[in-house]
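Me: I'm a first-year student and I'd like a close look at a single part of this protein: its pockets. Could you walk me through them and what surrounds them?

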Amino acid sequence: MEESIEKTKESVQEEIKDQESGKTEDHEDSKKIKVPDPSMHEEHDEKIQTLETADTTGGDEQSIIEGAWADVLGSGQLKKKTIKKGTPNARPVTSEICTIKISGELADGTFVDVKDKFSFQLGDLEVIQGIDLIVALMDCGEISQVEVAPRFAYGSLGNGKDIPPDATILYTIELLEISKEEDLELVNIDERLRIGNAKRERGNWWYSRGDFTSSIQCYRRALDYLDTENETETDSPEKLQEILDDRLKVYNNMAAAQMKIEAYDAALKSVDNVLRCQKDNVKAIYRKSKIVTAMGKMNEGIALLERALHLDPSSKIVQQDLMRLQAKQKLEVQKEKSLYKKMFNLNSTPTPKTSQGKPKVKLTVPWTLMIGAVTAVVASYVTYRFKLF
């Protein structure tokens, strides 16, 4: 390809030289001044430029389109390279079920996250964020390599197993299949239990990593599946009770996550949903006490802790929190009393009373007044004596 382009360049240049020489020799003043035709050079430059463009783009066109790394977020933390194209315009959308074949590789060559057929719901945080973002950009049947920085992989914690902290992972992903999310009304109770609890566990995973916002999102999706409103005549009472119990677990966990981000109003609604069904749920009562205390209702918080301790006398954490709140309350009462004393001047010494019960009246005479009186008496006496003599 390059040799043919070079030959073509040379032939074009020779052709232009021949044209220049032919025109000047035929001209009657050719021996005096040779003036090249500007249009001829413009045409020459255009031909050479066209050939150079073909030289730089023609041979590598396929590698630029399919083989180049694309910086997805513009920060260098998530890169994608297409290895094999998929079906055009066949990308998944949020909430669709994606089935992928995936294999990750660490910098030292260790393979991680290897799965031949793994299904997840797009956008529901069932996988790390890097994979969630990349699969949304893939066509069905496509194979891509993805470089995921720690921020969009397993972060500073790793996965606690074979992926260390702050690891960049190179994934090879093939999008095998895309399917629609099934209507919840058509999903049987066993399947709803399985999916709902899987989403609850995923929420617990995000919670353990300190990503409370992601955990709340997973808990909300779990509640969609763990709903007793879609019950049918064939559902047994035991299954309905099981799905209700799991639903209350989700509300309790979601309240804990909402407390972490100080969304106290939402957290209060979550624990109230639990207590509406299980009024003696100690965990819900304990969390409600923490919520109302954070909202400035200490007396209500103490009353809830006393109730929780009555239901579970062996709970050390409830005992400790109750003692701490009671001590705090006592300190605040003392501060209030001290403030009121200062406001109403109640710290002054009380006035002594006589035996008849009447207050004693103290007559205090300033020293300056006494000295002045003595001076006046002496002066009067001297004047009187002076007049006598």
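Reply: Happy to! Let's begin with a term: a pocket here is an open set of grid points with protein on both sides within 12 Å along at least five of seven lines, and its lining residues are those with an atom within 4 Å of a point. Please keep in mind that this is a predicted model.

Start with the largest pocket, which has a volume of about 430 Å³. Its lining is made of 18 residues, and those nearest the centre are I97, Q121, E126, R194 and I195. Which elements do these lining residues come from? Both β4 and α5 (189–208) supply at least two of them. The largest share belongs to α5, with eight residues. If you sort the lining of the largest pocket by class, you find nine charged, seven nonpolar and two polar residues.

Where does the largest pocket sit? Domain 1 (69–181) and domain 2 (182–229 + 236–276) both contribute to its lining, so the pocket lies between them.

Now turn to β4, since it belongs to a sheet. This sheet is open and has six strands, in the order β1-β2-β5-β6-β3-β4, with antiparallel pairing. At its edges stand β1 (70–71) and β4 (111–121), each with a single partner strand, so one side of each has no neighbour in the sheet. Elsewhere in the sheet, strand β2 (residues 78–84) and strand β5 (residues 143–148) run antiparallel and are joined by six bridges. To find one of these on your screen, look for K81, whose bridge partner in β5 is Q145.

The second largest pocket brings us back to β4. This pocket has a volume of about 350 Å³. Its lining counts 16 residues, with D113, K115, E126, Y154 and R202 nearest the centre. At least two lining residues come from each of β3 (97–105), β4 and α5. Here β4 gives the most, with three residues. By class, the lining of the second largest pocket has nine nonpolar, six charged and one polar residue.

You may have spotted E126 twice: this residue is among those nearest the centre of the largest pocket, and it is also among those nearest the centre of the second largest pocket.

E126 turns up again around an enclosed space. The structure holds one cavity of 30 Å³ or more, and about 30 Å³ of space lies in it. Around this cavity you will find D124, E126, K199, R202, C218 and R221. The elements that give two or more residues to its lining are α5 and α6 (212–225). Five of the lining residues are charged and one is nonpolar, with no polar ones.

Finally, follow α5 and α6 into the largest nonpolar core. This core has 35 residues, and V250, M254, I291 and L305 touch the most other members. Besides α5 and α6, the elements giving two or more residues to this core are α7 (237–260), α8 (264–277), α9 (282–294), α10 (298–311) and α11 (316–344). The largest share, nine residues, is from α7. At least three residues of the core come from each of domain 2 (182–229 + 236–276) and domain 3 (279–326).

As you turn the model, α5 is a handy thread to follow: it helps to line the largest pocket, the second largest pocket and the cavity, and it also gives residues to the core.

How values were computed
Residues numbered from 1 in each chain as written. Predicted model: local features only at pLDDT ≥ 70, side-chain atom pairs only at ≥ 80, totals over all residues. Heavy atoms only, no water. Pairing = 2+ DSSP bridges. Helix = DSSP H or I, 4+ residues; strand = E, 2+ residues; numbered from the N terminus. 1 Å grid on protein atoms, 1.4 Å probe; cavity = no way out; pocket = protein on both sides within 12 Å on 5 of 7 lines; lining within 4 Å. Points joined across faces, edges and corners; volume = space filled by probe spheres on them. Nonpolar A, V, L, I, M, F, W, Y, C, P; charged D, E, K, R; others polar. Domains from an automatic or database assignment. Core = buried A, V, L, I, M, F, W, Y, C linked by side-chain atoms within 4.5 Å. Buried < 20%, exposed > 50% of the residue type's maximum accessible area, 1.4 Å probe, protein only.
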